Amino acid sequence: MVGTANNARIRQAFSVVNGIQDLGLSSNPASNAGSECGTIEFTREDVEALLSEKMRYKNKFNYKERCENMMDYIKRLRLCIKWFQELEGDYAFEHERLRNALELSEQKCAEMELALRNKEEELNLIIVELRKSFASLQEKLAKEESDKLAALDSLAREKETRLNMERSHASLSEDLGKAQEELQSANQRIASINDMYKLLQEYNSSLQHYNTKLQKDIDAAHESIKRGEKEKSAIVENLSTLRGQYKSLQEQLSTYKASQDEAMRQKDALVHEVASMRVELQQVRDDRDHQLSQVQALTAEVIKYKELAVSSEDLEARCASQSNQIRSLSDQLAAAEEKLQVSDLSALETKTEFEGQKKLINELRNHLEDAEYKLIEGEKLRKRLHNTILELKGNIRVFCRVRPLLPDDSSGSEGKLISYPTTTEALGRGIDITQNGQKHSFSFDRVFMPDESQEDVFVEISQLVQSALDGYKVCIFAYGQTGSGKTYTMMGKPGHPDLKGLIPRSLEQIFQTRQSLLSQGWKYEMQVSMLEIYNETIRDLLSTNRDASRLENACNGKQYAIKHDANGNTHVTDLTVVDVCSTKEVSYLLDRAAHSRSVGKTQMNEQSSRSHFVFTLRISGLNESTEQQVQGILNLIDLAGSERLSKSGSTGDRLKETQAINKSLSSLSDVIFALAKKEKKEDHVPFRNSKLTYLLQPCLGGDSKTLMFVNISPEASSVGESLCSLRFAARVNACEIGTPRRQTSMRSSESRLSLG
Ligand code: ADP
Ligand code: MG
């Protein structure tokens, strides 16, 4: 066996050189061994076989054959050696190549190492930077995180607001629906208005003409207002001087009276004295006569008894003394008579003086009466001018009335809570109210103090009532908390005819004026209706409930629907409307309504103070001689109590009531404020938001005369409510809703309207 290590090496070398071909060689041993080809390859077995080959000869001495075999063997050996040599060269070359490759790769390695080191340094730097940036990023992250939290927070909030928005959006779209409905009705109205517009255009030119005339009239009115103001101030001045004069004269008069009294007293005393003196004198005279007769008797006696000298002398002396006495007495009498004469004279003097004074007083009285008459006339003129100014301004007028303290009222420090400024410009127009020590001042067109009577109040509104006869739409409201005197102001005190309120007084005046206008050719027809709005439901106060169609409509829910026609007239279906032509009839109807209301009161928990009472008088007048027609409306409204009920206590029906009142009162103020704000006619006024405002729509617009009474209770516990009422009234007072217009027309063209 050949050493395995060597064989293995060779084998390895062969394999390296021959690669896969040694397999072929091993399967094919020595098949190619003898071939000439230089690329013959040898396996270990081949080499071993070659080396261990033994020459066997049949003839040991057949050298030729041996030589030939040897030659072949040598040839094969040579081939083998050559193959080995080639292999060795290949090896050396391979070795060289590998070394070169090794060196190259070593160099590369070193370079690589260097590069790696550089890279590492670079990377280290980068790492440091990255660390730094990591830290800053972490910081940023923290910040971002906090930002994110905040953002989440705000997102939540936004979500909430979005929800709210959605909710409000829903309510708005509801409103939009309502508005669209209104728009539809408005469109219908626009159509009718367009028709009217066409008609109106025909009159436009004539109206313009009329307008210029009116403008002139206004100018004239302005001038007359100015003149009136001047006259007024002159009158007021005159009056004040007259008052001064009057006062001084009165003082003089009183001193004169005193002196006259004194003189009279003196005279009386003197007369008394004279009488007593006369009596004395008479006595003295009687005495004297008596004495004289005595003297005569005595002289007769003297003659008779001349001889009785002693007694005669005595008697003479007595007689002399008596004559002396008589003389002194007659002297006294003369003096007394003189005195009497003097006192008579002085009495006469005082009498004439007294008469003179009396005459002077009478003169002054006449003068004063004259001045007072002038003053009243001036005041009337002032009122008329004031009304004209207000009408021209278009403001809603507000009167404030403070009721007196009633015996049932809780007494306390009242009186001081409400006061009335006394400066000339605020007199009768200003009111101050104190709450928690703070004074709030208000001023209205008129402030009625507690002691002013129903008549005083009516005088101030009589002009306004009068204008309903001239074709104006008139609205008078009473606003205030329950118990502040609204019903007292409007209706009066039941069972006290002298304390009757504005409604009966207005009707009396209207019927009186109607009578006096008869002579001018005016004939009026009047219709009364009275209703109550409770919880947004209309109740007919004059209903007798016997009407069949009424009952039918009530079943259909069509009862008491409010409708406005194109001429601005309002109609309430099934409402009882009664023609009236005397005060008696109206007071009967008022009684009926009051009864109907009070029935409601017991049934429905003091409903009357929780409902609005609306009295409506429709007036239509026709002048037969001028063919002129007028249509006026007088609305007198006793509103529901404006107090805010304590929220905690309101539940069930009470809550519903309160909500209905709040809604309708706030709709009323909304309408008033919207009318005041309205610049264009098309601007929306929310008349439809409550029955009350929808009912009064034609009477609340710019062409009506509106007056609001704000009733105030003087109780200390009502100060808060009073302040609320006064604030509301002040806002209403500041509203301008436009210029009132009359509704008149000519009979020949009934369908047309002439506004003027
Ligand atoms: P309201 O209608 O506002 O609830 P009322 O008119 O019923 O108030 O008045 C409450 C009470 O005060 C009634 O007894 C009424 O007679 C009385 N009263 C109101 N105003 C006056 C006044 N000016 N003078 C006298 N009493 C009045
Ligand atoms: Mg009342």
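## Guided exercises with worked solutions

Gly-485 lies in the loop between S6 and H7. In these names, helices (H or I, at least four residues) and strands (E, at least two) are DSSP runs, numbered from the N terminus. This is a predicted model, in which local features need pLDDT of at least 70 and side-chain atom pairs count only at pLDDT 80 or more, while totals for chains, interfaces and linings use all residues. Residues are numbered from 1 along each chain as its sequence is written, chains are lettered from A and ligands numbered from 1 in the order in which they are written, and side-chain values use heavy atoms, with hydrogens and water left out.

**Exercise 1. Get an overview of the protein.**

Task: Find how many helices and strands there are in the protein, and what share of its residues is buried.

Solution:
- Step 1. Count the elements: the protein has 14 helices and 16 strands.
- Step 2. Turn to accessibility, where buried means under 20% relative accessible area, exposed over 50%, and partly exposed in between (1.4 Å probe, protein chains only). Of the 756 residues, 32% are buried.
- Step 3. Look at contacts, meaning heavy atoms within 4.5 Å. Among contacts with a separation of 6 or more, 72% are between residues 24 or more positions apart.

**Exercise 2. Explore the loop after strand S6.**

Task: Decide whether Ser-484 is buried or exposed, and find which residues Ser-484 touches.

Solution:
- Step 1. Locate Ser-484 in the loop between strand S6 (473-479) and helix H7 (486-490).
- Step 2. Check its accessibility: Ser-484 has a relative accessible area of 1%, so this residue is buried. Gly-485 is buried too, because its relative accessibility is 15%.
- Step 3. List the partners. Leaving out residues up to four places away in sequence, Ser-484 touches Arg-403, Asn-711, Ile-712 and Ser-713.
- Step 4. Follow the side chain of Ser-484, which reaches the backbone oxygen of Gln-481 at 2.6 Å.
- Step 5. Compare with the record. The unreviewed UniProt entry places a "binding site" at Gly-480, Gln-481, Thr-482, Gly-483, Ser-484, Gly-485, Lys-486 and Thr-487. UniProt positions are given in the numbering used here, feature names are shortened, and annotations may be inferred rather than shown by experiment.

**Exercise 3. Find the hub of the largest nonpolar core.**

Task: Work out which residues of the largest nonpolar core touch the most other members.

Solution:
- Step 1. Recall the term: a nonpolar core is a set of buried Ala, Val, Leu, Ile, Met, Phe, Trp, Tyr and Cys residues joined through side-chain atoms within 4.5 Å.
- Step 2. Pick out the hubs. The largest core has 52 residues, and Cys-400, Ile-431, Phe-444 and Phe-477 touch the most other members.
- Step 3. Ask which element gives the most to this core: helix H11 (residues 652-677) does, with 8 residues.
- Step 4. Look for a second core. Another one, of 41 residues, lies apart from the largest and includes Tyr-472, Phe-511, Val-586 and Phe-709.

**Exercise 4. Describe two aromatic pairs.**

Task: Find how Phe-399 and Phe-448 are arranged, then do the same for Phe-673 and Phe-728.

Solution:
- Step 1. Set the cut-offs: rings of Phe, Tyr and Trp (its six-membered ring) pair if their centres lie within 6.5 Å; planes under 30 degrees apart count as stacked, over 60 as edge-to-face and the rest as tilted.
- Step 2. Search the whole structure, which gives 8 aromatic pairs. One of them joins Phe-399 and Phe-448, edge-to-face, at 5.7 Å centre to centre and 75 degrees between the planes.
- Step 3. Place this pair: Phe-399 is in strand S1 (residues 397-402) and Phe-448 in strand S5 (residues 446-448), 49 residues apart.
- Step 4. Take the other pair. Phe-673 and Phe-728 are edge-to-face because their ring centres are 6.4 Å apart and their planes meet at 70 degrees. Phe-673 lies in helix H11 and Phe-728 in helix H14 (residues 719-733), so this pair ties together parts 55 residues apart in sequence.
- Step 5. Check accessibility once more: Phe-673 and Phe-728 are both buried.

**Exercise 5. Compare two residues with positive phi.**

Task: Find where Asn-436 and Tyr-560 lie.

Solution:
- Step 1. Asn-436, which is not a glycine, has a positive phi of about 50 degrees and is in the loop between strand S3 (430-435) and strand S4 (438-443).
- Step 2. Tyr-560 has a positive phi near 55 degrees and is in the loop between helix H9 (548-556) and strand S9 (562-564).
- Step 3. Set their accessibilities side by side: Asn-436 is exposed at 78%, whereas Tyr-560 is buried at 11%.

Terms used
A polar contact is a pair of N or O atoms within 3.5 Å; within protein, one must be able to donate a hydrogen and the other to accept it, and residues adjacent in sequence count only if both atoms are side-chain atoms.
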